[in-house]
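Colleague: Hello! Could we look through a structure together, one question at a time?

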Amino acid sequence: MLTYQNFIRFECEPGVHKFWIIRAGVSEITFTYYKQFVDADLLAGKIYLIEVRAQMEGIRMEPVNPLSDEQELYRVKKVLNRKASINANKIMVKRKYGVNKIHKSWADKGMNKYEAFKEKDKIEYLDPNWYLEPEDLILNEDNKRRKADI
């Protein structure tokens, strides 16, 4: 999972997965949950990227296609190779961020709209061929080579 300036490493088994994210929005009038879903069929031993962006109107989760957008891939590599991002990821791994199980009621609330989103064709898809190898994450800039510790 990749945000504008940081990333979270999340390892899972190969196969079919549903990723979802929820953001609670509070206003003077209402308490709203913004949801986004990504379906994926992951291959073993590969690296996949999903970018997460908080927006005024909610939250956006978008699979990164390294095959079609070199500019986006370059930006992603810069984030993954930043020393601050690498250090933040180490802290999150140490704290088991993203590993802790969420309460069943939150999982039910998060997934209760999945079918409605699917009917409206609002679910993103992470293609199994949109993967990277570890050497693809190396950023060669100004003759300095750095490798993300992921």
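Colleague: Which residues does Asp39 touch, not counting residues up to four places away in sequence?

Modeller: Happy to start there, and please keep in mind that this is a predicted model. Asp39 is found in strand S2, which covers residues 31-42. Leaving aside residues up to four places away in sequence, Asp39 touches His17, Lys18, Tyr114, Ile123, Glu124, Tyr125 and Leu126.

Colleague: Which side chain of opposite charge is nearest to Asp39, and how far away is it?

Modeller: Asp39 is buried yet has no salt bridge. The rule for a salt bridge asks for a side-chain nitrogen of Lys or Arg within 4 Å of a carboxyl oxygen of Asp or Glu. The nearest side chain of opposite charge to Asp39 belongs to Lys18, at 4.5 Å.

Colleague: Let's step back to the whole chain. In what pattern do the helices and strands follow each other along the sequence?

Modeller: The chain has four helices and seven strands. Here α stands for a helix and β for a strand. Read along the sequence, the pattern is β-β-β-β-α-α-α-α-β-β-β.

Colleague: What share of the contacts with a separation of 6 or more comes from residues 24 or more positions apart?

Modeller: Contact here means heavy atoms within 4.5 Å. Among the contacts in the chain with a separation of 6 or more, residues 24 or more positions apart account for 69%.

Colleague: What percentage of the residues in the chain is buried?

Modeller: A residue counts as buried when its relative accessible area is under 20%. The chain has 150 residues, and the buried share of them is 30%.

Colleague: Which strand gives the most to the largest nonpolar core?

Modeller: In soluble globular proteins, nonpolar side chains tend to be buried together. The largest nonpolar core here has ten residues: Phe19, Val38, Ala40, Leu42, Tyr48, Ile50, Val52, Ile59, Met61 and Leu126. The elements that give two or more residues to this core are S2, S3 and S4. With three residues, the element that gives the most is S2.

Colleague: How many residues are in the other core that lies apart from it?

Modeller: Among the members of that other core are Ile47, Leu49, Val76 and Leu137. Val76 is also one of the buried residues of helix H1. The number of residues in this other core is nine.

Colleague: How far apart are the end C-alpha atoms of helix H1?

Modeller: Helix H1 runs over residues 70-81, which makes twelve residues. At 1.5 Å a residue, H1 should span 16 Å, and the model agrees with that. The end C-alpha atoms of H1 are apart by 16 Å.

Colleague: Which residues are joined into one network by salt bridges that share partners?

Modeller: The side chains of Glu51 and Arg75 meet in a salt bridge, 2.1 Å from N to O. Glu51 lies in strand S3 and Arg75 in helix H1, so this pair ties together parts that are 24 residues apart in sequence. Arg75 also meets Glu72 in a salt bridge at 3.2 Å, N to O. Salt bridges that share partners thus join into one network the residues Glu51, Glu72 and Arg75.

Colleague: Is Glu51 buried or exposed?

Modeller: Its partner Arg75 is partly exposed, with a relative accessible area of 23%. Glu51 has a relative accessible area of 5%, and the cut-off for the buried class is under 20%, so Glu51 counts as buried.

Colleague: Which residue forms a salt bridge with Glu124?

Modeller: In this pair, the closest N and O atoms are 2.6 Å apart. The pair links distant parts of the chain, 64 residues apart, with Glu124 in strand S5 and its partner in strand S4. That partner of Glu124 is Arg60.

Colleague: Which residue has a positive phi although it is not a glycine?

Modeller: The phi in question is about 60 degrees. The residue's place is in the loop between helix H4 and strand S5. At 67% relative accessibility, it counts as exposed. The residue is Asp121.

Colleague: One more, please: how far apart in space are Glu11 and Ile47, C-alpha to C-alpha?

Modeller: Glu11 is in the segment before strand S1. At 56% relative accessibility, Glu11 counts as exposed. In sequence, Glu11 and Ile47 are 36 residues apart, while in space their C-alpha to C-alpha distance is 9.1 Å.

Terms used: Residues are numbered from 1 along each chain as its sequence is written. This is a predicted model: local features need pLDDT of at least 70, side-chain atom pairs count only at pLDDT 80 or more; totals for chains, interfaces and linings use all residues. Side-chain values use heavy atoms; hydrogens and water are left out. Buried means under 20% relative accessible area, exposed over 50%, partly exposed in between (1.4 Å probe, protein chains only). The expected span of a helix is 1.5 Å times one less than its number of residues. Lys and Arg count as positive and Asp and Glu as negative; His and the chain ends are not counted. A nonpolar core is a set of buried Ala, Val, Leu, Ile, Met, Phe, Trp, Tyr and Cys residues joined through side-chain atoms within 4.5 Å.
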